[in-house]
Amino acid sequence: HPESVLSAHIFHQSTGKPPRLPSKKMASMLTFNVNDGFLEAILRGYRSGILSQADYTNLCQCEALEDMKLHLASTDYGNFLQNEPSPLATTTISEKCTQKMVNEFNHIRYQAVEPLSTFLDYITYGYMIDNVILLITGTLHERDTSELIEKCHPLGMFDSIATLCVANSPKELHRMVLVDTPLGEYFGSCIAIEDLDEMNIEIIRNTLYMAYLEDFYKLCTQRIGGITGEIMGEILKFEADRRAINITINSFGTDLTKDDRQKLYPTFGNLFPEGILKLAKADDYDAVRSAMESYPVYRQLFGEVGTGGSEKTLEDAFFEMEVKLNRDAFEQQFHYGIFYAFVKLKEQEIRNIVWIAECISQDQKSRINQYIPIF
């Protein structure tokens, strides 16, 4: 604008110093609302509908799933179960909760412009990987893959997923994934046709997820940067660390060699590279625990598992840490991390609802409070 140019010129003459240009972070704050402010406002509205501690207390006092249905109707879930016949099943509750979350996510996704639209696409890639692995497994077992489509996560659906159902062999499925899906880049660089057998299916999943996480990390920290890079960098580092730890523990007692195991570790994270090298040498759970001693956050996390008569598992501890990181993302503005955080917090909320529903339906009320609160 001419006036701003003139004022900058006068400032330059009066001080003898060139005007300071806004940093990348400041520039993103100044321009964020132009394209993304409306969608951020919608998302923060969705976030306010996440169940509170009072809601969980009321759900835990329900005597039957029909009581849960009535209470959920008084929350942002509304009458999402009104057309479901009795008796209500926990699987139905899970499916309907998930569908509501997907509808909210897609409502935002369909209105997004670059670079937010690409960021939201990346959120769905993890679910696509799970869906493609499910279809590969079905093909290896010669099952009707059209039946497996119903079991796929709705966030991981893509336009050409139906074409994968006509594959009659792993080789044909491999070619279709390379050509017809957004995962082609990861698949082509990581997976060979001869790898598609039963023994390697989990290795394939972890290899694809490693490539996806590394690509997502680069998108957030390098291509987008700013506050998004800071927030998402921390969240994705945690995810990389969690996968490295879980891969190590799950490999014990299997045929997976230490060299092959190390190839599945993401090449970034709080543990990279020193902690990763320690994990690569670990032979048992105690060795993994010892490797985490140098990292206060993970040392505390391992210390909380199974102590003092607690039934908390390592998975529970990871979920609690994930909730904290994603909850903290909402404390800042002008970044895309809240869109990722919302999906992950809603996933945890759905796990909580399903856990409470299972405890009620199986008459296990003594364990009903073992959910992970969000807010």
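Okay, let's start with one residue: glycine 337 is buried, because its relative accessibility is 0%. Keep in mind as we go that this is a predicted model. Glycine 337 sits in helix H19, which covers residues 337–361. Now, who does it touch? Skipping neighbours within four places in sequence, glycine 337 is in contact with Phe119, Ile231, Met232 and Ala329. There's also isoleucine 235: that residue is 102 residues away from glycine 337 in sequence, yet the two C-alpha atoms are 8.7 Å apart in space.

Phe119 turns up again when we look at the core. The largest nonpolar core has 91 residues, and the members touching the most others are Phe119, Phe216 and Phe339. Let's take phenylalanine 339. Again leaving out neighbours within four places in sequence, its contacts include Leu39, Leu43, Ile108, Leu116 and Phe119. Glu40 is one of its contacts too. And there's a second core, separate from that one, with 23 residues, among them Leu264, Val305, Leu314 and Phe318.

Next up, helix H17, residues 296–303. Which of its residues are buried? They're Tyr298, Leu301 and Phe302. These sit on the same side of H17, because they cover an arc of only 95° around the axis. If you want the background, an α-helix has 3.6 residues a turn, so residues three or four places apart point the same way. Flip to the other side of H17 and you find Pro296 and Gln300, which are exposed. As for what covers the buried residues, that includes helix H13 (226–251), helix H16 (285–291) and helix H18 (314–328).

While we're on H17, have a look at arginine 299, which lies in this helix. Arginine 299 counts as partly exposed, because its relative accessibility is 37%. Beyond its neighbours within four places in sequence, arginine 299 is in contact with Met292 and Glu293. With glutamate 293, a polar atom of the arginine 299 side chain lies 2.6 Å from the backbone oxygen. Arginine 289 is 10 residues from arginine 299 in sequence, and 7.5 Å from it in space, C-alpha to C-alpha.

Last thing: cysteines. How many disulfides are there? The count is 0. Why is cysteine 62 not bonded to cysteine 60? Cysteine 60 has the closest cysteine sulfur, but at 8.4 Å that's too far for a bond. Cysteine 62 is buried, because its relative accessibility is 7%, and cysteine 97, with a relative accessible area of 1%, is buried as well.

Methods: Residues numbered from 1 in each chain as written. Predicted model: local features only at pLDDT ≥ 70, side-chain atom pairs only at ≥ 80, totals over all residues. Heavy atoms only, no water. Helix = DSSP H or I, 4+ residues; strand = E, 2+ residues; numbered from the N terminus. Buried < 20%, exposed > 50% of the residue type's maximum accessible area, 1.4 Å probe, protein only. Contact = heavy atoms within 4.5 Å. Arc of directions from axis to C-beta. Core = buried A, V, L, I, M, F, W, Y, C linked by side-chain atoms within 4.5 Å. Disulfide = S-S within 2.5 Å. Polar contact = N/O pair within 3.5 Å; in protein donor to acceptor, adjacent residues only side chain to side chain.
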